[in-house]
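Colleague: I am new to this structure, and I would like to know how its descriptions are justified. Could you walk me through it?

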Protein chains: 2
Amino acid sequence: MPELRKDPIVGRWVIIATDRAKRPLPIRAEIPSGEEGACPFCEGSESDTPQEILAYRDRNTHPNERGWRVRVVPNKYPALQIEGDLQKRGEGIYDKMNGIGAHEVIVECPFHETTMANLSEENIREVLWVYHDRLVDLKKDPRLVYGMVFKNVGAAAGASIEHTHSQLIVTPIVPINVWEEMLGSLEFFNYRGRCIYCDMVHQELSTEKRIILDTPNFVSFAPYASRFPFEMWVLPKNHSSHYENIQKNEVDELGTVLKTLLLKLETGLDAPAYNYIIHTSPFDTQLLPHYHWHMEIIPRLTRVAGFEWGTGFYINPVPPEQAAAFLREIRVDLDSRRH
Amino acid sequence: MPELRKDPIVGRWVIIATDRAKRPLPIRAEIPSGEEGACPFCEGSESDTPQEILAYRDRNTHPNERGWRVRVVPNKYPALQIEGDLQKRGEGIYDKMNGIGAHEVIVECPFHETTMANLSEENIREVLWVYHDRLVDLKKDPRLVYGMVFKNVGAAAGASIEHTHSQLIVTPIVPINVWEEMLGSLEFFNYRGRCIYCDMVHQELSTEKRIILDTPNFVSFAPYASRFPFEMWVLPKNHSSHYENIQKNEVDELGTVLKTLLLKLETGLDAPAYNYIIHTSPFDTQLLPHYHWHMEIIPRLTRVAGFEWGTGFYINPVPPEQAAAFLREIRVDLDSRRH
């Protein structure tokens, strides 16, 4: 079983794989294909993946058979394992726990499509609902504390299977960057009585210069202190701390927003590798007045030098105002590329 | 002039390049070669670089001419600029300052050598002294707060010029990861009255299983919560908060340690791309009882998925105990590859 270890200085938890038989490359959707060259995520290859956890299916179809629209399966080589009791131990000055958690793959469509931007808005909405459903289900498990939904697209972003998919890693601890967002926003709230993300939404909407897309319930902008060229954040305009509390009208709109942003990215920047991550509140929290869920979309256009993730010190060669102006101007046709 | 912007939630500062004429790739030693294919760092090409800041030279040789052994020049396209007054401003909820700082390149030898491990121990010692000299000089500037010495080797680690070199970026703020180390170690000190790094040195030396190299004044080990496969840390055994307070006998020894570790890396792991970073105390601090300077060496063997630097949540497929055992066993000949 993998092990979670804590850096005693900064408090960052790391997953240490202890089973040497596993592949040396982390964070992939590592479901081997049945036949050479066959895609294990395509309809008809259901038996090439572990048993499905959830699928949105057409009537009268059965689990692990054809007829699904979006399908969730366990990662064949998971970073964390769902079986067992959570055990926490010390080792001198160090702290560790066993690697209890979940690692799931969300296969976004049954046909062999390599980019989410080409999915229909309705298809993307179903993917967003699947994220919701899995978070709601997994947060019932008292051993688990945090659910991270993310997507790796392109080899430079860590993807190994091209069929469009997302992943969900659920951990018994809160990842350090989320923890720092929690603390930073709480500090602001304690001092000013407001949510800093709400303030940010307000300031971005008034100054306009970093706005990429403005719709009734969401705002997409290039953040003021963007770490990466063409980094994009998407925030709900109304305060909401937990992604899984999203409403139907919001999912409908977010599907369109996400498709639009990804089409802008592909059209304007020549379909770069990218990641997106949903930042949301830990499972064991009630509604939080200080935290605001959001989505970060990060194109992988420049190579990140090791010292950048070593020091947390980023150099961004494209000012977010220019990135936003560029992305704002790109016209996309939501219907033209629909399946 | 570049701009430093602060993320209002987590307090991370980012350098935003505002001059669009510059190249879009950050953090390189971007000194263009004079002739097609000629190396601007080789002896005889001194005029292809900006005027030197410091060089260790043979007697009776002159600045910007032949006869140097280690040479420091400004980066031609610096991430930060040394001229001007530091100006701090607000922009609504955001904070920024102008990009005052320094960005220097340390050319480690006059001949065209692409790997530091092939330099003589004496040559490496001189490089380590140059780091010392530059930090001592730059910390006199009251506008500057932190000096980061780092090295990118190989394209995967962000290097663009193969002639062996290091870089120094000096900033008017403390990088967030260093800041977190400062806070984390201070918290431990306040609670237990000891330096956590000293405790770590003690525990690693007693358990031995993560030790890679143990010499009179330094210990090299694979850290307990290694983020990356074959990550190596080097710490002085005696408490010392500032790299620039290093003593002659320590530099002599560290030169040998560094050459040994880099040879182990090259021999055992097929000369991977790697980074090293010196973590030291901010300029404006006195001797600190809670912080301990150290060096982190990070081979770039696996691709870091975007979500890893997005969340601070790392998955390491090689347990540090196995990495240390592997590296410990690799025999290297310090003399065989000396120039």
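Modeller: Gladly! Let us start at one spot: just after H3(B), B:Glu208 takes a positive phi of about 70°. Please keep in mind that this is a predicted model, where local features need pLDDT of at least 70, side-chain atom pairs count only at pLDDT 80 or more, and totals for chains, interfaces and linings use all residues. Residues are numbered from 1 along each chain as its sequence is written, while chains are lettered from A and ligands numbered from 1 in the order in which they are written.

Colleague: What makes H3 of chain B a helix of the expected span?

Modeller: Helices here are DSSP runs of H or I with at least four residues, and strands are E runs of at least two, numbered from the N terminus. H3(B), residues 196-207, has twelve residues. The expected span is 1.5 Å times one less than the number of residues. For H3(B) that gives 16 Å, and the helix reaches 16 Å from its first C-alpha to its last, close to expectation.

Colleague: Why are the buried residues of H3(B) said to line one face?

Modeller: The buried ones are B:Ile196, B:Tyr197, B:Met200, B:Val201 and B:Glu204. Seen down the helix axis, they fall within an arc of 145°, so they line one face; the arc is that of the directions from the axis to the C-beta atoms. In general, an α-helix has 3.6 residues a turn, so residues three or four places apart point the same way.

Colleague: Why does B:Gly101 count as buried?

Modeller: A residue is buried if 20 or more other C-beta atoms, placed from the backbone, lie within 10 Å of its own, exposed if 12 or fewer, and partly exposed in between. B:Gly101 has 27 such neighbours, so the residue counts as buried. Its place is the loop between strands E6 (94-98) and E7 (102-107) of chain B.

Colleague: And is A:Asp95 buried, exposed or partly exposed?

Modeller: A:Asp95 has 18 other C-beta atoms within 10 Å, so this residue is partly exposed. A:Asp95 sits in strand E6 (residues 94-98) of chain A.

Colleague: How do you know how the two copies are related?

Modeller: Chain B can be laid on chain A by a turn of 180° and a shift of 0.0 Å along the axis, with an RMSD of 0.0 Å. The copies are therefore related as by a two-fold rotation axis. The superposition is by least squares on the C-alpha atoms of residues with pLDDT of at least 70 in both.
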